[in-house]
Amino acid sequence: MSAPVETGERTPSRRVTLPRVLVAILLVALFLAGFVSRYADSSPDGLEKTAEKLGFADTAGPHHTSGSPFADYAGPWAGIVGVLVVLVVAGALTWLLRHRGASAAGGAD
Amino acid sequence: MHVPDGFLDAPTSIATGVVAGAAVLVSLKGARRELDDRTAPLAGLVAAFVFATQMLNFPVGAGTSGHLLGGAIAAVLVGPFTAVLCLSTVFLVQCLLFADGGITALGTNILLMGVTTVVVGWCTFRALQTVMPRRISLVPLQAAIGALLSVPVAALLFVGLYAVGGVADIPLDTLATTMLGVHVLIGIGEAVITFLAVSAIVSVRPDLVYGARRVLAKRDLQIRTGDEVAA
């Protein structure tokens, strides 16, 4: 186990538990991707705009996965689905790494 | 800054794919040292948060938008190696599920928006930590400065890749100034979002922030010394 770290100054009277922090981050991510993203600027991004200005935007090929139901973040659920898929993939990867890392190191934690 | 298929020629795309693959392999090894009771549960959510934030394009001047890339924020929250894995996951899912960023450009995108922003963001953050006072309140600011620099550097690296393997014959100095001009502004947005998000976690649980650990450990010692002197 890592060394206990206590914050000396302005320690919160009630320490926010880890699960609460995790749920809060998830809710914020879902809110941003599912709702706030509707108000995102739909203008071309910095690279697209540069490509348009300099005249090489048309060299972009058609996208191989443009047949995906969520291509270009279409539909009201695209953001929610994306957040959950990324969470599962990245979460599983890091969980596996930690699991295997611990056993490879002979459980020296 | 998601690069589509076709902007860079095949040899360049293969080369960036190899470099990005090597960076991911190194990160798979390095992340094992970073992943512990605190960072492991956080890593998947940091990736999800970066994905969500990348959907939020903000305006940066006439008819142009930009979004967070996320290297600095992820590196400060869960460590640089884990951050590369988080961002690579984001770009993979965006490419396969959302047709955002070309499949042949996946290596390019991981290299530009993942590895570069993590390396620049983290190195800047650590450099600032060594020269500035060890105060937990400075961590969000240091992360934000790392974020600010990471975006224009990634833009310049794109120009470098385009110089090597760009398919169109365009003046590189114009490409460089245009890319840099836009991405300095996007970098400011990146810095603001990074500052707010890191501040939020530092204010409730600073011990969960990977980049704040040295500061917290150091301050512990200082406080004990102070107590002994007072006693």
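How far apart do the end C-alpha atoms of residues 72–99 of chain B lie, and how much of that span is helix? I would like to start there, and I should say at once that what we are looking at is a predicted model. In that model the two end C-alpha atoms of the span lie 25 Å apart, and 93% of the span is helix, with 0% strand.

The reason for choosing that stretch is the annotation. The unreviewed UniProt entry places the feature "transmembrane region" on chain B at residues 7–28, 72–99, 105–125, 137–164 and 184–204. If we turn to residues 184–204 of chain B, the chain there is 100% helix and 0% strand, and the end C-alpha atoms are 31 Å apart.

Let me now step back to chain B as a whole. It has eight helices and two strands, and if you read along the sequence you meet them in the pattern α-α-β-β-α-α-α-α-α-α. The C-alpha atoms of chain B fill a box of roughly 75 × 35 × 25 Å along the principal axes. Its radius of gyration is 19 Å, which agrees with the value near 17 Å that a compact globule of 231 residues would have. Of those 231 residues, 61% count as buried, and among the contacts in chain B between residues at least 6 apart in sequence, 78% join residues at least 24 apart.

Two helices of chain B deserve a moment each. Helix H4, residues 80–98, has 19 residues and reaches 26 Å from its first C-alpha to its last, close to the 27 Å expected at 1.5 Å a residue. H4(B) is mostly covered, with 16 of its 19 residues buried, and just after this helix B:Ala99 takes a positive phi of about 50°. Helix H6, residues 139–165 of chain B, has 27 residues and reaches 38 Å between its first and last C-alpha atoms, where 39 Å would be expected at 1.5 Å a residue; here too the helix is mostly covered, with 20 of the 27 residues buried.

That brings us to the largest nonpolar core, which has 98 residues, and in which B:Val46, B:Ala47, B:Ala74, B:Leu77, B:Cys86 and B:Val198 touch the most other members. The largest share of this core, 15 residues, comes from H6(B). To take one of those well-connected residues, B:Ala74 is in contact with B:Val46, B:Val50, B:Ala83, B:Cys86, B:Leu87 and B:Val118, once we leave aside its neighbours within four places in sequence.

Finally, chain A. Here the UniProt annotation "transmembrane region", again from an unreviewed entry, covers residues 21–40 and 77–97. Residues 21–40 of chain A are 70% helix and 0% strand, with end C-alpha atoms 26 Å apart, whereas residues 77–97 of chain A are 95% helix and 0% strand, with end C-alpha atoms 30 Å apart.

And how many residues of chain A are in contact with chain B? There are 57 residues of chain A in contact with 67 residues of chain B. On the side of chain A that touches chain B, the elements giving two or more residues are helix H1 (18–34), helix H2 (46–54) and helix H3 (78–104) of chain A, and H3(A) supplies the largest share, 16 residues. Sorted by class, that side of chain A has 31 nonpolar, 20 polar and six charged residues.

Definitions and conventions: Residues are numbered from 1 along each chain as its sequence is written. Chains are lettered from A and ligands numbered from 1 in the order in which they are written. This is a predicted model: local features need pLDDT of at least 70, side-chain atom pairs count only at pLDDT 80 or more; totals for chains, interfaces and linings use all residues. UniProt positions are given in the numbering used here, feature names are shortened, and annotations may be inferred rather than shown by experiment. Helices (H or I, at least four residues) and strands (E, at least two) are DSSP runs, numbered from the N terminus. The radius of gyration is taken over C-alpha atoms; the globule rule is 2.2 Å times the number of residues to the power 0.38. A residue is buried if 20 or more other C-beta atoms lie within 10 Å of its own, exposed if 12 or fewer, and partly exposed in between; C-beta atoms are placed from the backbone. Two residues are in contact if their C-beta atoms, placed from the backbone, lie within 7 Å. The expected span of a helix is 1.5 Å times one less than its number of residues. Ala, Val, Leu, Ile, Met, Phe, Trp, Tyr, Cys and Pro count as nonpolar, Asp, Glu, Lys and Arg as charged, and the others, Gly among them, as polar. A nonpolar core is a set of buried Ala, Val, Leu, Ile, Met, Phe, Trp, Tyr and Cys residues joined through C-beta atoms within 7 Å.
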